[in-house]
Each structure stands twice: as C-alpha cells, then as structure tokens.
Amino acid sequence: MTIANLENPDLTLDEVMKTWPQTVGVFLHHKMLCVGCLVNPFHTIADACAEYDLDEESFRVELRAAINAAD
C-alpha cells in the first residue's frame with residue numbers, strides 16, 4: 001500500500017496498523033483503545049476519530065508523519 005491509500009475512507013484500523021505498524025504509537029499517544037480492540041477490523045479512521053472526538057484531518061496528518069518518519 002502507498003500513503004495515498006491512507007485516504008481510503010473504507011480502510012480499517014486493522015489494515016492501517018498491519019500495513020504501517022509505526023502508526024500504533026499515534027493511537028497510543030491519544031490514549032485510544034483501538035490497538036488490539038476486537039472491532040478494529042471493522043472501524044475506520046473516521047469512526048475512531050468520531051468515537052474519541054478527534055479532528056480527523058489532524059489525526060491523519062499525525063498518521064502520515066509516523067509513516068514518513070519510518071521511511
């Protein structure tokens with residue numbers, strides 16, 4: 001996958017963390033329980049941001065930064 005796929009609205013949290021394990025730290029930084037959650041194969045980034053009242057675009061910027069830092 002490429003970073004452009006991070007913008008796919010159907011991308012699940014499970015896919016995000018499996019494709020880019022370095023993003024796990026972003027979830028943990030926000031004290032999100034998504035890491036290891038039984039519903040993360042079904043929730044999207046938008047779902048998680050809504051659940052945790054986070055700005056989705058800002059959260060995506062953090063995810064991209066984590067991905068780019070690993071390159």
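These notebook entries set down what I looked up in the structure.

**Entry 1. Basis**

I worked from a predicted model, in which local features need pLDDT of at least 70 and side-chain atom pairs count only at pLDDT 80 or more, while totals for chains, interfaces and linings use all residues. Residues are numbered from 1 along each chain as its sequence is written, and side-chain values use heavy atoms, with hydrogens and water left out.

**Entry 2. Helix H4**

I took helices as DSSP runs (H or I, at least four residues; strands would be E, at least two), numbered from the N terminus. I first checked the length of H4. Its 15 residues should span 21 Å at 1.5 Å a residue, and the end C-alpha atoms are 22 Å apart, which agrees. The expected span here is 1.5 Å times one less than the number of residues.

Which residues of H4 are buried? I found Phe59, Arg60, Leu63, Arg64, Ala66 and Ile67. These residues cover an arc of only 160 degrees around the axis, so they lie on the same side of H4. The arc is that of the directions from the helix axis to the C-beta atoms. For burial I used relative accessible area: buried is under 20%, exposed is over 50%, and partly exposed is in between (1.4 Å probe, protein chains only).

**Entry 3. Aromatic pair**

I then searched for ring contacts. Rings of Phe, Tyr and Trp (its six-membered ring) pair if their centres lie within 6.5 Å; planes under 30 degrees apart are stacked, over 60 edge-to-face, and the rest tilted. The count comes to one aromatic pair. Phenylalanine 27 and phenylalanine 59 form it edge-to-face, with 5.2 Å from centre to centre and 75 degrees between the planes. The two rings link distant parts of the chain, since phenylalanine 27 is in helix H2 and phenylalanine 59 is in helix H4 (residues 56–70), 32 residues apart. Are the two partners buried or exposed? Phenylalanine 27 counts as buried because its relative accessibility is 0%, and phenylalanine 59 is buried at 1%.

I noted a further approach between H2 and H4. Valine 26 is in helix H2 and counts as buried at 9% relative accessibility. The C-alpha atoms of valine 26 and alanine 66 are 7.4 Å apart, although 40 residues separate them along the chain.

**Entry 4. Salt bridges**

I counted a salt bridge where a side-chain nitrogen of Lys or Arg lies within 4 Å of a carboxyl oxygen of Asp or Glu. The count comes to four salt bridges. One of them joins arginine 64 and glutamate 7 at 2.6 Å, N to O. Arginine 64 lies in helix H4 and glutamate 7 in the segment before H1, so this pair ties together parts that are 57 residues apart in sequence. Arginine 64 also forms a salt bridge with glutamate 57, with the closest N and O atoms 3.4 Å apart. Glu7, Glu57 and Arg64 are thus recorded as a linked network of salt bridges. Both acids count as partly exposed, glutamate 7 at 36% and glutamate 57 at 43%.

Within helix H1, lysine 18 and aspartate 14 meet in a salt bridge of 3.3 Å, N to O. They are four residues apart, about one turn of the helix. Lysine 18 is exposed, with a relative accessible area of 64%.

**Entry 5. Segment before H1**

I looked up proline 9, which lies in the segment before helix H1 (13–19). Proline 9 counts as exposed at 56% relative accessibility. Its C-alpha is 7.4 Å from that of alanine 46, and the two are 37 residues apart in sequence.

**Entry 6. Loops and surface**

Which residues have a positive phi although they are not glycine? I found lysine 31 at about 55 degrees and aspartate 53 at about 55 degrees. Most residues other than glycine have a negative phi. Lysine 31 is in the loop between H2 and H3 and is exposed at 68%. Aspartate 53 lies in the loop between H3 and H4 and is exposed at 72%.

Last, I examined the surface. Leu38, Val39 and Phe42 make a nonpolar patch of about 370 Å². Patches are made of residues with over 30% relative accessible area and no salt bridge; like charges are joined within 9 Å, and nonpolar side chains (Val, Leu, Ile, Met, Phe, Trp, Tyr) within 5 Å. Accessible areas come from the Shrake-Rupley method with a 1.4 Å probe, and for residues only the protein chains shown count as cover. Leucine 38 is found in the loop between helix H2 (24–29) and helix H3 (45–51) and counts as exposed at 75%.
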